[in-house]
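Hi,

Here is the structure I promised to pass on. Have a look at it first, and my notes follow underneath.

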Amino acid sequence: MTEENESFHEDESVSEPGVKPRRGIYLLPNLFTTGALFSGFYAVIAGMSSHFEAAAIAIFVAMVLDGLDGRVARMTNTSSAFGAEYDSLSDMVSFGVAPALVTFSWVLGDIGKVGWFAAFIYVACAALRLARFNTQIGSVDKRYFIGLPSPAAAAAVAGLVWAATEYNIDPAPYAYIIALYVALAGIMMVSNALYNSFKDVDLKGKVPFVILAAIVLGVGVISIEPALFLWVLFLVYSASGPVMWLLRKRKKA
């Protein structure tokens, strides 16, 4: 289950007295989840075929679709236990397996055991992250995520692949650094660092005009060099957890 899908009800249709209720699945939100799953699977195939830019973009597409399925389910009152489980399995593929295998095909496979071990650390931490999140629903402050969310970790890894490919940077000389980077992205998912969830932002409420102008400006800047700026954006978000933890430690000292 992603950080978006936090509630569900049984998917059981209302029937007449004496008639056994029909059970089924809601189509609309699960279509978005299927799209995210397909994007993650496509990223793996593209990476194996050395189409690394397409693989990285597919992971970002999966992240967008993953963010939509939960919102669509809540807006249309079509949340379900099935959808929550399906979404969690989709996340494991799109944000756990796909980034690890794409980076392994890209450069980690060239450094032998160190490379596949770094990729495995990422996959294992993604699985642990999703399992921990599923067990903490309803018991933690919704304003924060405990540990780096798996979509953000995947974006930080895929963004590196995309940016390096876009600028024709040979990753081979930096293979061990990239292995450490991928492993650290995984470790941050299972850390206790707090990350802002932005769930306290009221999207239906009014905001000052300058906020909208800043958003438009931000979108414009990202559109200039999406590979670079998206990677930097998620890199900054990934670093925000440890930075805020250090600041809180200093205040207590």
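**What I found**

Let me start at the surface: Val207, Phe209, Val210, Ile211, Leu212, Ile215, Val216 and Val219 make a nonpolar patch of about 800 Å². Patches here are built from residues with over 30% relative accessible area and no salt bridge, joining like charges within 9 Å and nonpolar side chains (Val, Leu, Ile, Met, Phe, Trp, Tyr) within 5 Å. A salt bridge, in turn, is a side-chain nitrogen of Lys or Arg within 4 Å of a carboxyl oxygen of Asp or Glu. The areas are Shrake-Rupley values with a 1.4 Å probe, and for residues only the protein chains shown count as cover.

Before you go further, note that this is a predicted model, where local features need pLDDT of at least 70 and side-chain atom pairs count only at pLDDT 80 or more, while totals for chains, interfaces and linings use all residues. Numbering starts from 1 along each chain as its sequence is written, and side-chain values use heavy atoms, with hydrogens and water left out.

One of the patch residues, Phe209, sits in helix H7 (residues 209-224). Is Phe209 buried or exposed? Phe209 is exposed, because its relative accessible area is 67%; the cut-offs are under 20% for buried, over 50% for exposed and partly exposed in between, again with a 1.4 Å probe and protein chains only.

**Overall layout**

The protein has 8 helices and 2 strands, and from the N terminus on the order of elements is α-α-α-α-β-α-α-β-α-α. Helices (H or I, at least four residues) and strands (E, at least two) are DSSP runs numbered from the N terminus. Of the 253 residues, 42% are buried.

**Helix packing**

Two packed helices are described by the angle between their axes and the distance between the axes. Axes are lines fitted to C-alpha atoms, for helices over the stretch in contact, with angles from 0 to 180 degrees between N-to-C directions.

How do H3 and H5 cross? The axes of H3 (residues 81-106) and H5 (residues 150-166) come within 9 Å, at an angle of roughly 25°. H3 is therefore roughly parallel to H5; angles under 35 degrees get that label, over 145 is roughly antiparallel, 65 to 115 roughly perpendicular, and the rest oblique. The crossing of H3 past H5 is left-handed, meaning that the near helix is turned anticlockwise from the far one by less than a right angle, with clockwise giving right-handed.

H3 also packs against H4 (residues 113-136), with the axes 9 Å apart and an angle of about 165°. That makes H3 and H4 roughly antiparallel to each other, and H3 passes H4 in a right-handed crossing.

**Contacts and loops**

Trp162 belongs to helix H5 and is buried, as its relative accessible area is 9%. Its C-alpha lies 8.3 Å from that of Ala55, although the two are 107 residues apart in sequence.

Ala46, in helix H1, is buried at 4% relative accessible area. The C-alpha atoms of Ala46 and Ala58 are separated by 8.9 Å, with their positions 12 residues apart along the chain. Glu53, in helix H2, is partly exposed, with a relative accessible area of 32%; its C-alpha is 9.3 Å from that of Ala43, 10 residues apart along the chain.

Two backbone angles may interest you. Ser50, in the loop between H1 (27-48) and H2 (52-75), has a positive phi of about 70° without being a glycine. Asn168, another residue other than glycine, has a positive phi near 55°. Asn168 lies in the loop between H5 and H6 (175-189) and counts as exposed, at 71% relative accessibility.

Cheers
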